[in-house]
Amino acid sequence: MAGDSAIRAKMAQLAEIIRDHQYRYYVLDKPIIEDSEFDQLWNELLKLEEKNPKLRDPHSPTFEVGGGFSTHFDSVDHIEKMMSLDNAFDESELDAWFERVAKESKENTWLCEVKVDGLAINLLYEQSRLVRALTRGNGITGEDVTLNIKTIKEIPHQLIGDKIPQRVEIRGEVFFPLSKFAQLNDELEEAGKAIFANPRNAAAGSLRQKDPRVTASRPLSMVVHGIGALDGLTLDTQSQGYELMKSWGLPVSKRFKVAKNKGEVKEFIEYYLQNRHGIEHEIDGVVIKVNEREAQRTLGFTSRAPKWAIAYKYPPEEVTTKLLDIRVSVGRTGRVTPFAFMEAVRVSGSSVSNATLHNMEEVARKGILIGDVVVLRKAGDVIPEILGPVLESRDGTERAFVMPSNCPECGSKLRAMSQGDVDIRCPNTRSCPAQLRERIYYIGSRAALDIDVLGYETTSALLEDKLIVDESDLFDLDSKKLLKSEFFKKKDGTLGANAEKLLEALNEAKQRPLWRILVALSIRHVGPTAAQGLANHFGSIAKIAAASTQELASVDGVGSVIAESVKEFFAQEWRAQIVAKWAKAGVRMEGVSSSDKAQTLKGMTLVVTGSLESFTRDSVNEAIIERGGKVSSSVSKKTDYVVVGSEPGSKASKAAELGVPTLDEKSFIELLQNGPKG
């Protein structure tokens, strides 16, 4: 019946809208409507279903528990086949390709772009909306990763602008930023989980998570570089397509150029060969495409690749060197990590003699022996990585590495800290010299109290000359104590400049934000995100220490594992003594008291984007919190103001889209002083 069709269509539309809002709320943590608006949608669907039970979809969200999103990686066909690219590995092969193209198409320009070493993805937009995202798969069929792709901030869920076709496939590469790669592996190692071999694997592994909330926690990015199926729009050139994609809000790479001739193409290739290390993602070459679409149609395709495009592949930056030994280091939380000690060799612009091997399983997987000639590269051009041994170079003198059973620094029996943990640890947390040295060094790191002068040499001098017993003594240092060490004295016996700088820096560090103090305590699993959540929620170290596991776990960004680690930390008497001595020395143990500042922002939520002249990232957050406001990392309709500095990110445009008021720095300072009425 016609009436039933209209009702069924209305129910399907409401279900789709509700699922989208559930996804934004539960997965992205970025709702765009008020709870009351969501409830109206829910009740409208529920009433329709109650009145029309025979039309009710068995997969309706009203049957489901909110937040139960998971990716099933269903196989789905691409509308237009995703082709591979033929490769050229040297200039002669590139010239041969130019000649083949010239036989069928004489007058061409060339679109050149860096070749992102990521994961190929196909985005399908219908009537401007992102309806599906597929991996390349075999080129004909890919895996549906739509829920996970939607967590990547650069990818619009809705296209904007003009000339948007009714249906279009957008091709691109998902990548893991190099600047975040080492941090992710550190976090995985700390949690006893397997690490990623390189940024491309990190991108693929992060995208192929069944729980899209895990993907959302990873800093994935994407660049788009092509169009597949295209309905209702004709393009004259490839570069015109790039301009259109950019105007639609899609993340088009800035690293492309339309070259007029072969000489300009080769200049582009050479430029990025020399400058590949300054890019935010891995590249493995340059892609050259005939720019004119008519010429592309004339040239056509082979069974696997377009004849009008080619990938010029850079030679891999791999070198060989001698593995002299495998040793172990002990970190600040006791994790024992094997590392390779090698003959120094130059790779990717720097000299390398050490490379981490992560854990015993990694050593076994790579099949390396002490004495091997090994292949070395820099993963992501950043982190030294041994790929494996050169087997034909073995002469029988090589020997297997055996993980020590006792800590090399304190002699304690090493053990796994939990069932299934691939790492082994030294349990002598309090007294192990290596753990103590690493903890004190970490206090000075940018992640913690940001004390530049508290480096390895300074830390070693403080411990070796017994100026401090452990970190509890750090803020009790004075001139008299430092003069007992030759490291801190001038030749005439007076205090050196390094000592004066250290004392000044320690005094300044006492007033760091509360969350930084938490990070500096080296509570296992507590990094900046969890520390900020705890500091903002409880407001003091004392309240955090007194909180129950359940109360701690309920804090945004914390959870049960971190909560248990926090409880364990404060239950240890010697840890509590560190906190007590720091407090006695004047280290801030509370957030700035709200009674000290007028509560001009009470009950308000602000988002800050871009750089401000009068504030650091820490100080602007603290200025908001101490005046009763809340700092959020994402813009929603619940946001009261977005503070926009220089070079703002996408949050500024999101504010405009949602109608959230924005403030420049001058207006923000007025708001701090006088509140919204001022």
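Ala, Val, Leu, Ile, Met, Phe, Trp, Tyr, Cys and Pro count as nonpolar here, Asp, Glu, Lys and Arg as charged, and the others, Gly among them, as polar. With that in hand, the lining of the second largest pocket comes out as 22 nonpolar, 10 polar and 14 charged residues. Keep in mind that this is a predicted model. Its protein chain has a mean pLDDT of 87, with 93% of residues at 70 or more.

**Confidence**

- Helix α5 (residues 178–190) is where confidence drops lowest, with a mean of 77.
- At the other end, helix α21 (residues 573–584) scores highest, at 96.

**The four-stranded sheet**

- This one is an open sheet of four strands, ordered β5-β4-β7-β8, with antiparallel pairing.
- β5 (129–135) and β8 (221–231) sit at the edges with a single partner strand each, so one side of each has no neighbour in the sheet.
- From one strand to the next, the twist averages 25°.
- β7 (residues 167–175) and β8 run antiparallel and are joined by eight bridges; if you want a spot to look at, Val174 has Met222 in β8 as its bridge partner.
- Helix α6 (residues 199–207) packs on this sheet, touching β4 (119–126) and β7, and its direction makes about 45° with that of β4.
- Helix α8 (residues 238–247) packs here too, against β7 and β8, with its direction at about 115° to that of β8.

**The five-stranded sheet**

- Here five strands make an open sheet in the order β2-β11-β10-β3-β9, and the pairing is mixed.
- Its edge strands are β2 (87–88) and β9 (256–259), each pairing on one side only.
- β10 and β11 (residues 309–313) run antiparallel, with five bridges between them; Val287 is partnered with Ala311 in β11.
- Helix α3 (residues 91–104) lies across β2, β3, β10 and β11, and runs at about 170° to β11.
- α8 turns up again on this sheet, touching β3, β9 and β10, with its direction at about 55° to that of β3.

**The second largest pocket**

- The space in this pocket comes to about 1,100 Å³.
- It has 46 lining residues, and those nearest its centre are Met83, Arg171, His225, Lys289 and Trp308.
- Elements giving two or more residues to the lining are β3 (110–116), β4, β7, β8, α8, β10 (283–290) and α10 (293–299).
- β8 is the top contributor to that lining, with eight residues.

Terms used: Residues are numbered from 1 along each chain as its sequence is written. This is a predicted model: local features need pLDDT of at least 70, side-chain atom pairs count only at pLDDT 80 or more; totals for chains, interfaces and linings use all residues. Side-chain values use heavy atoms; hydrogens and water are left out. pLDDT is the predictor's confidence in each residue, from 0 to 100. Two strands pair if DSSP finds at least two bridges between them. Axes are lines fitted to C-alpha atoms, for helices over the stretch in contact, and angles run from 0 to 180 degrees between N-to-C directions. Contact means heavy atoms within 4.5 Å. On a 1 Å grid over the protein atoms alone, a cavity is a set of points where a 1.4 Å probe fits but cannot get out, and a pocket is an open set with protein on both sides within 12 Å along at least five of seven lines; lining residues have an atom within 4 Å of a point. Grid points are joined across faces, edges and corners, and a volume is the space filled by probe spheres set on the points.
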